[in-house]
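Here are my comments on the model you sent round. They are set out as numbered points, to be read with the structure open.

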Amino acid sequence: MTAIADRTAREAGAEPSGGPSATSQTITLAGALNHALADALAEDETVLVFGEDVGTLGGVFRVTDGLAARFGEARVFDTPLAEAGIVGTAIGMAMNGLRPVVEMQFDAFAYPAFEQITSHLAKLRNRTQGRIQLPIVVRIPYGGGIGGVEHHCDSSEAYYTHTPGLRVVTPSSPGDAYRLLRQAIACPDPVIFLEPKRRYWSKETLALSTDGPALDQAAILRSGSDVTLICYGGTVATALDAADAAAEEGRSIEVVDLRSLSPFDDATVVASVRRTGRAIVVHEASRFSGYGAEVAARLTEQCFHYLHAPILRVTGYDIPYPPPKLEEHFLPSVDRILDTIDRLQWAESAPLTESGSGLDSWAGR
């Protein structure tokens, strides 16, 4: 973990925010999140930030760097290593008028808090017929691509999207990270905010702004007419690279960044798939009962008569996240996406072979 923190300090550029930026700047995704937190703290005194190492250290990924010094230890503070206690405390604070933003540090660290999240955070508004709202953001660094060891790389989105009462969002770029986090903090509902770890160090030159798609809207990042690639978080950059490579082979690929995993933006995604007639869902979580299965079923129900081929998936394999040296074989790659595009039924004679899942395809690819 120290190595990760050192790397982040060198590369993230998450300098303490001086407030909203109206001029263009080159900033990392981690730095954009830092600005979003600082701006929310500055504008609303009910916003609090807490979690493991978010105060003095500034977070393992330096997302909270400088916030404790600027806003004081009463509003940005460290907690014991007790994730269930962190979420439980946030629930009590929100019931009394505060807006907590808590950090789970790593994806699999959040599982001890799962009971608090699913049994209480997600249900209290419904249980009280709307009399109690819980405007809480649970920030969870998730996914692979950084060479993390066990419990430090996981894709847990399906657990949260399966739970009614939670909003689940994930950014893919610095600009969208700023926008989505500001929107999540302002939202009256509990939001699971999944941060793709391998994108923390990606950079973008822009003026930070909350303008753009709403909290529950998808975004079409690239227009195309042959296939819709549906992706989110850490797989968006890979899908865009695959679309560039496919264009060199004469295929026009549309790339949709879901942004909001729950609720699902049916209007944007359905319109895209009806236009192209083909769709591939890309995510790095395991395939079986994964988020892509819900997307494929949903689109089949609404696009069946527009489809030229079955909806396919490019996913992680049905195994736990592998050790760092094998991680590149587990994560969806440009080549795996291009292979899957080729397997779509482009002509009546084209065979549709099974892509496989689990250990067989793990060994065979």
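**Notes on the predicted model**

1. Strands β13 and β14 pair in the parallel sense, over four bridges. One of the residue pairs is V282 with V314, the latter being its bridge partner in β14. Please keep in mind that this is a predicted model.

2. Which order do the strands of the open sheet follow? The order is β9-β11-β10-β13-β14, five strands with mixed pairing. The edges are taken by β9 (219-222) and β14 (312-316); each has a single partner strand, so one side of each is left without a neighbour in the sheet. From one strand to the next, the twist averages 25°. As background, strands of a sheet pair through backbone hydrogen bonds, and the pairing is either parallel or antiparallel.

3. Two helices should be viewed together with this sheet. Helix α10 packs on the sheet and touches β9, β10, β11 and β13. The direction of α10 makes about 150° with that of β10. Helix α11 lies across β10, β13 and β14, and runs at about 160° to β13.

4. Which residues of α10 are buried? They are V269, V270, S272, V273 and T276. These residues cover an arc of only 160° around the axis, which puts them on the same side of α10. The buried residues of α10 pack against β10 (227-231), β11 (253-257), β13 (279-286) and α11 (291-303). Just after α10, G277 takes a positive phi of about 80°.

5. S272 deserves a separate look. This serine sits in helix α10, residues 266-276. Its relative accessible area is 0%, so S272 counts as buried. Neighbours within four places in sequence aside, S272 is in contact with T228, E254 and V256.

6. Is T170 buried or exposed? T170 is buried, because its relative accessible area is 0%. The residue lies in the loop between β6 (167-169) and α8 (174-186). Not counting residues up to four places away in sequence, T170 touches Y142, L180, L194, P196, Y232, G233, R259 and L261. Of these, L180 is ten residues from T170 in sequence, and the C-alpha to C-alpha distance is 7.9 Å.

7. The side chain of T170 also has polar partners. It forms a polar contact of 3.3 Å with the side chain of Y142. In addition, a polar atom of the T170 side chain lies 2.9 Å from the backbone oxygen of L194. When inspecting this loop, both the Y142 contact and the L194 backbone oxygen are worth displaying.

8. D241 is found in helix α9, residues 236-248. With a relative accessible area of 44%, D241 is partly exposed, because the exposed class begins over 50% and the buried class ends under 20%. D241 and D335 are 94 residues apart in sequence, yet their C-alpha atoms are 9.9 Å apart in space.

9. How many disulfides does the structure hold? The count is zero. For reference, a disulfide is a covalent bond between the sulfur atoms of two cysteines. Two cysteines can be described further: C153 counts as buried at 7% relative accessibility, and C303 is buried with a relative accessible area of 0%. Both values fall under the 20% limit, so both residues are classed as buried.

Notes
Residues are numbered from 1 along each chain as its sequence is written. This is a predicted model: local features need pLDDT of at least 70, side-chain atom pairs count only at pLDDT 80 or more; totals for chains, interfaces and linings use all residues. Side-chain values use heavy atoms; hydrogens and water are left out. A disulfide is a pair of cysteine sulfur atoms within 2.5 Å. Buried means under 20% relative accessible area, exposed over 50%, partly exposed in between (1.4 Å probe, protein chains only). Contact means heavy atoms within 4.5 Å. A polar contact is a pair of N or O atoms within 3.5 Å; within protein, one must be able to donate a hydrogen and the other to accept it, and residues adjacent in sequence count only if both atoms are side-chain atoms. The arc is that of the directions from the helix axis to the C-beta atoms. Two strands pair if DSSP finds at least two bridges between them. Axes are lines fitted to C-alpha atoms, for helices over the stretch in contact, and angles run from 0 to 180 degrees between N-to-C directions.
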